[in-house]
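Biologist: I am a first-year student, and I would like a close look at one small part of this protein. Please start from a single residue on the surface, tell me what surrounds it, and then work outwards to the rest of the chain.

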Amino acid sequence: MRVLKITAEGLTTSFRYPYYLIGVQPTYEMPPPATLYGHVASALGEWFDPHGVQFAVRFSYQRKHAELETTYLLGSASGKLKGHGNVTKTLEGEANPLKREILFFPRLTLYLNRPEWAEAFRHPRYAVCLGRSQDLLTYRRIEVVELQLAQSVYWQDTLLPYEFVRFTAAGRSELMPRWLDVNRRRQPTFQRYLILQRRLHRRDLILPPDASLPPIWADPTEPLIQGDSLGLAFHTWMED
């Protein structure tokens, strides 16, 4: 299978948990699929039809720290601005300090089953960022690679299907935004995934006697580890 492989690096990023508004803003430690959709759409310059588009992701960072941020929650107001004569006041708000978790020195490798999009990433339509708008990235490499089917693979720093929780204790289950419907006021769809932040070899999975995994796509351009190729777990934003 021919895929587009995008490698990017940055200084900071943060993927906030939905519905946290006051006091603390924790971050996912893996970009949610909905965030990746927005990243791809930014490079293309338009919302694209997700049907049939598959992606696999590798993501790592060096440190996680919390910083103190101040936001202002604004609401409608009436009256006059203090010290400004007859200027009408329309908005007012109060300072809202909070702790926001930040991931430092992120590295993203994104695989898409759309090799024809290579030029869009070489000349992205909008600023390259991941997470918040100020979290800028630099594309280090854009290439088209030919994946190979393999049985002996390992996964590392990636997003696995939730079904893998039956076969391994590695990783952490997370409910993440899969898709935001821009035609329905950004209505979110959530799905459970397994975040893997270590190395997991296929041979270390505990499979029931009657269970087996199909052959897995592997990236031959990545290093072999203990004789195993880098395996990729592909996901979709929307069911076909």
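**A surface patch and beyond**

Modeller: Happy to! Let's begin with L175, which sits in strand β11, the stretch running through residues 172–181. Before we go on, keep in mind that this is a predicted model. Is L175 buried, exposed or something in between? Its relative accessible area is 39%, so L175 counts as partly exposed, a label for values that are neither under 20% nor over 50%.

L175 has company at the surface. Together with Y19 and F190, L175 makes up a nonpolar patch. The accessible area of these three residues adds up to about 330 Å². To place that patch in its setting, look at the surface as a whole: the chain exposes about 13,400 Å², and 50% of this area comes from carbon and sulfur atoms.

Now let's step from the surface to a buried spot. T158 belongs to strand β10, which covers residues 153–161. With a relative accessibility of 4%, T158 is classed as buried, because that value is under 20%. Which residues does T158 touch, leaving aside those up to four places away in sequence? They are M30, V57, L194, I195 and L196. You can also compare T158 with Q197: 39 residues separate T158 and Q197 in sequence, yet their C-alpha atoms are 6.7 Å apart in space.

That pairing leads to a wider view of the fold. Of the contacts in the chain between residues at least 6 apart in sequence, 77% link residues at least 24 apart. The chain has 240 residues, and 44% of them are buried. Its secondary structure consists of two helices and 15 strands. Along the principal axes, the C-alpha atoms fill a box of roughly 75 × 40 × 35 Å.

Strand β10 has another residue for us to visit. D157 is part of this strand, and D157 has a positive phi of about 50 degrees although it is not a glycine. Why point this out? Because most residues other than glycine have a negative phi. D157 is buried, with a relative accessibility of 17%. A second residue with this feature is F105, whose phi is positive too, near 55 degrees, and which is not a glycine either. F105 is placed in the loop between β6 (91–104) and β7 (107–112). Is F105 buried, partly exposed or exposed? At 42% relative accessibility, F105 is partly exposed.

Next, let's turn to charges. The chain carries 29 positive and 25 negative charges, and their mean positions lie 5 Å apart. How many salt bridges are there? The count is 19. Let's walk through three of them.

One salt bridge pairs E9 with R140, with their closest N and O atoms 3.1 Å apart. E9 is in strand β1 (residues 2–10) and R140 is in strand β8 (residues 137–146), so this pair ties together parts that are 131 residues apart in sequence. E9 is partly exposed at 27% relative accessibility, whereas R140 is exposed at 56%.

Another salt bridge brings the side chains of E119 and R122 together, with an N to O distance of 2.8 Å. Where are these two residues along the chain? Both are in helix α2 (residues 118–122), three residues apart, which means that about one helical turn separates E119 and R122. E119 has a relative accessibility of 46% and is partly exposed. R122 is partly exposed as well, at 40%.

The third salt bridge joins R141 and E143, whose closest N and O atoms are 3.5 Å apart. The two partners fall into separate classes: R141 is exposed at 52% relative accessibility, while E143 is buried at 16%. Elsewhere, salt bridges with shared partners connect E67, E69, R100, R132 and D135 into one network.

So here is the route to retrace in the viewer. Start at the nonpolar patch of Y19, L175 and F190, go to buried T158 and its contacts, including V57 and L194, and end at the salt bridges, among them the one between E9 and R140.

Technical notes:
Residues are numbered from 1 along each chain as its sequence is written. This is a predicted model: local features need pLDDT of at least 70, side-chain atom pairs count only at pLDDT 80 or more; totals for chains, interfaces and linings use all residues. Side-chain values use heavy atoms; hydrogens and water are left out. A salt bridge is a side-chain nitrogen of Lys or Arg within 4 Å of a carboxyl oxygen of Asp or Glu. Helices (H or I, at least four residues) and strands (E, at least two) are DSSP runs, numbered from the N terminus. Buried means under 20% relative accessible area, exposed over 50%, partly exposed in between (1.4 Å probe, protein chains only). Contact means heavy atoms within 4.5 Å. Accessible areas come from the Shrake-Rupley method with a 1.4 Å probe; for residues, only the protein chains shown count as cover. Lys and Arg count as positive and Asp and Glu as negative; His and the chain ends are not counted. The place of a charge is taken as NZ of Lys, CZ of Arg, CG of Asp or CD of Glu. Patches are made of residues with over 30% relative accessible area and no salt bridge: like charges are joined within 9 Å, nonpolar side chains (Val, Leu, Ile, Met, Phe, Trp, Tyr) within 5 Å.
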